[in-house]
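I opened a fresh page for this one and wanted the overall build before any single site. Come and look along with me.

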Amino acid sequence: MNYEKMRNELFTHYTTVADGRAEEFCDRCVAELDAKYTEGMSVFEMKRMQYRTISDNIDPVLFKTSPFYYETGTLAAQCDGARDFRGHRSAGGWVYWKNQHLFEDQDPELWKLMKRQKKEKMYLICGPYNDVSQHFCFNHRPVLEIGLKGIYEKAEAQLEGANEREADFLNSVCEGMLSIKKISEKFAVKAEALARETDDSEVRANMERIADAASRTPWEAPKSFYEALNMYAFMRKALGSLEGIGFSSFGRIDMDLYPFYERDIEAGRLTKDEAYDLVAKFLVTFDSHFDRDIKFEGYSDHELENTYVLGGCYPDGSPLCNDLTIMFLRATREEQLIYPKVKLRYSSESPKEMFDEVNKDLIKGTSVVMYQNDEATIPAVLATGRTIEEARDYLIFGCWGMNGNGYEKFDDGSYINLIKPLELAVHRDFDKMAEIGMKFKPLDGAESFEEVYSIMCENVRVLLEERTRVTRTGGNIWHKVDVLPLFSSTLANCIEKRKDFTEGGAKYRDDRNELFAFANLVDSLLVIRELCFEKKKYTLDQLLEAVRSNWEGNEEMRVDATRCHGWGDGSDESSGLCRRLNDDINSMVKRIKGTYGGKIVLGHLAYTEVRWWGEMTRATPDGRRNGDYLAQGLTPSRLNKIPHVTDVVHSMTALDPSIFGGNTVINLILPPAKMNLEICEAFLRAAAKSAIQSLQLNCTSKEELLDAQKHPEKYPHLIVRVTGFSAKFTSLSPEWQNEVITRNFYE
């Protein structure tokens with residue numbers, strides 16, 4: 001089927017119209033809200049007024065070639081709903097902007113300290129003290145089951161006996177439901193008018209279909225596969241427009257849509273070809289929001305934060321793969337889509353059909369799917385205290401965020417930079433330590449490796465405790481700055497407890513520490529142990545002086561460092577130390593109370609910081625020079641040229657996956673000359689038996705990438721996994737192309 005006409009209409013809108021329209025809408029709504037605002041309004045009153053004002057002003061956008069209704073016209077093209085998105089503001093941010101000063105006002109000195117710590121890249125928070133704008137997963141299941149009307153009635157019933165604050169929350173949920181209903185009805189009215197005006201039979205069919213569905217859903221629960229599928233598109237845009245936060249997952253779409261698909265097929269209302277056509281059009285819709293040929297140069301230039309999950313398992317643990325799983329994978333491949341991002345859950349028991357469908361593109365050099373290993377992930381979720389049903393139903397969203405499906409929201413993007421305590425200790429930067437309020441003990445004079453290891457563990461503990469102290473002290477007034485009744489409305493326990501998510505309404509409220517540059521820290525410790533205390537080729541003081549001088553005049557020592565055992569080489573030496581350090585850090589965080597009073601779970605993740613933070617990091621004992629790249633997640637450092645991918649998988653079998661409740665990621669480049677569907681399937685089944693969780697695969701050669709640099713016109717469809725997203729290799733800046741080219745290419 002050809003979707004070129006639809007692509008062109010949507011692409012033209014999103015690349016020429018959407019941003020300007022959204023800015024004009026924002027300016028108009030903010031001015032109106034400012035005029036209506038009165039001192040003393042509660043934050044819930046402000047949010048209700050925001051919902052009403054935005055829904056009253058929305059003039060929806062319909063596309064003649066599309067059967068879907070969703071575009072509110074209030075968000076920039078690439079925006080996921082977040083109120084501030086790469087220079088674009090959306091009206092949904094009004095309440096937050098009005099009150100955001102409270103974060104600073106509550107403790108100005110803490111605010112300044114936090115700013116200094118973040119400036120020095122000690123850690124990352126996607127927000128002030130909390131992840132207040134992105135990485136939200138809306139629970140669509142209640143909308144599919146009872147519609148917005150059912151949610152409204154559920155909140156309304158809880159008003160009896162509620163106190164003033166509880167009633168404020170519940171009334172805001174009801175107002176939010178009515179505002180979304182109003183938006184949907186506007187689509188119906190507009191579609192009816194367009195259907196009357198057109199002479200084009202295809203356009204009339206689309207508009208009549210929209211008019212019928214939008215007049216009922218999502219206020220009423222969807223009745224058909226089409227209505228259920230459209231619900232995801234509509235709710236993403238409506239929620240983002242009204243709430244001002246980024247919703248980055250459609251959820252487990254093949255599982256949750258299947259009952260609608262099955263009923264329509266059995267009743268003869270839908271054929272498999274018609275279902276596939278709807279799936280393809282749905283995915284093309286969101287792939288048309290950006291220009292994939294724009295040069296990727298910055299932090300997240302091609303990032304749309306739009307994902308969905310396929311595969312995994314049923315509640316009883318049996319593998320999930322149905323007609324829709326294959327349709328979504330097939331449409332992604334046939335239409336050469338990058339977005340929405342596919343998170344494919346797999347296990348050693350997954351059917352061959354699913355492996356073959358997803359791997360067809362991979363072995364040809366197109367990498368757009370992230371593979372998530374159930375056999376390592378489910379035990380990790382279980383270990384965080386979730387039930388077996390909750391663990392089997394987990395979501396992966398955003399880049400690698402791991403979240404319970406409908407009962408929690410972590411502060412994601414919370415990177416803890418493990419290389420900074422090492423850097424500041426090695427380089428004895430006492431002035432910087434004083435500036436950021438963290439004191440790290442130097443390694444100089446240590447008389448054994450165990451002493452070095454003990455010092456580094458203590459330095460890491462200082463960082464972990466200080467970061468959590470800052471967020472715990474400053475982050476618990478979120479509910480005074482902004483509240484999220486729409487997000488909370490379908491989150492487990494919020495309506496029952498009559499509490500907004502920001503006030504602790506969710507079932508779980510744990511914290512997450514995502515460790516950054518872990519492999520560089522492990523490798524640095526391995527070098528110190530091997531060269532200074534085992535082989536005794538150099539003294540510790542000699543090694544530290546070489547690092548401080550950026551290895552100048554010490555090239556032989558630097559080469560020796562890169563030839564030591566390194567994480568991922570499959571050796572007992574590297575695997576043992578990696579497991580020991582992971583276990584010790586896990587023990588540390590178990591003794592720290594999280595930001596919201598819950599537990600802290602660990603992960604190993606990193607985004608484009610592998611380059612940006614690397615450029616700001618001085619030389620380290622693993623052989624890195626000033627400014628060199630840092631390792632991503634549990635991906636082995638590129639300084640150690642590990643020949644075989646089996647070494648990396650073997651290394652991961654040595655780790656305990658149950659302690660990684662925050663997820664881990666590994667990047668691997670497979671050799672295209674040796675890969676076919678059978679070998680790729682066998683590799684994934686073997687990887688499922690290791691501690692690998694998120695697996696990002698490329699299947700290309702260095703020679704091909706170098707040729708693509710010289711002759712980009714020959715490689716229009718070469719799509720590589722950069723980090724938490726994929727992009728055309730020819731769209732990457734030379735600096736980002738080199739980042740990919742300098743990775744480990746395995747045999």
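My entries below go from the whole fold to one leucine.

**Entry 1: the fold.** I noted at the outset that this is a predicted model. I looked up the secondary structure and found 31 helices and 15 strands in the protein. Next I checked the radius of gyration, which is 26 Å, while the globule rule gives 27 Å for 747 residues; the two are close, so the protein is as compact as a globular protein of that length. Along the principal axes, the C-alpha atoms fill a box of roughly 85 × 60 × 45 Å.

**Entry 2: inside and outside.** I found that 66% of the 747 residues are buried. Of the contacts with a separation of 6 or more, 78% join residues 24 or more positions apart. I then turned to the surface: the protein exposes about 25,500 Å², with 48% of that supplied by carbon and sulfur atoms.

**Entry 3: charge.** I looked up 96 positive and 119 negative side chains. The centres of the two sets lie 1 Å apart.

**Entry 4: Leu718.** Is Leu718 buried or exposed? I read a relative accessible area of 6% for Leu718, so this residue is buried, the cut-off being under 20%. Leu718 sits in the loop between helix H30 (702-710) and strand E14 (719-721). Leaving aside residues up to four places away in sequence, I listed what Leu718 touches: Glu704, Leu705 and Ala708 are among them, and so are Gly365, Thr700 and Phe729. I also tried a far pair: Cys174 is 544 residues from Leu718 along the chain, and their C-alpha atoms are separated by 48 Å.

Technical notes
Residues are numbered from 1 along each chain as its sequence is written. This is a predicted model: local features need pLDDT of at least 70, side-chain atom pairs count only at pLDDT 80 or more; totals for chains, interfaces and linings use all residues. Side-chain values use heavy atoms; hydrogens and water are left out. Helices (H or I, at least four residues) and strands (E, at least two) are DSSP runs, numbered from the N terminus. The radius of gyration is taken over C-alpha atoms; the globule rule is 2.2 Å times the number of residues to the power 0.38. Buried means under 20% relative accessible area, exposed over 50%, partly exposed in between (1.4 Å probe, protein chains only). Contact means heavy atoms within 4.5 Å. Accessible areas come from the Shrake-Rupley method with a 1.4 Å probe; for residues, only the protein chains shown count as cover. Lys and Arg count as positive and Asp and Glu as negative; His and the chain ends are not counted. The place of a charge is taken as NZ of Lys, CZ of Arg, CG of Asp or CD of Glu.
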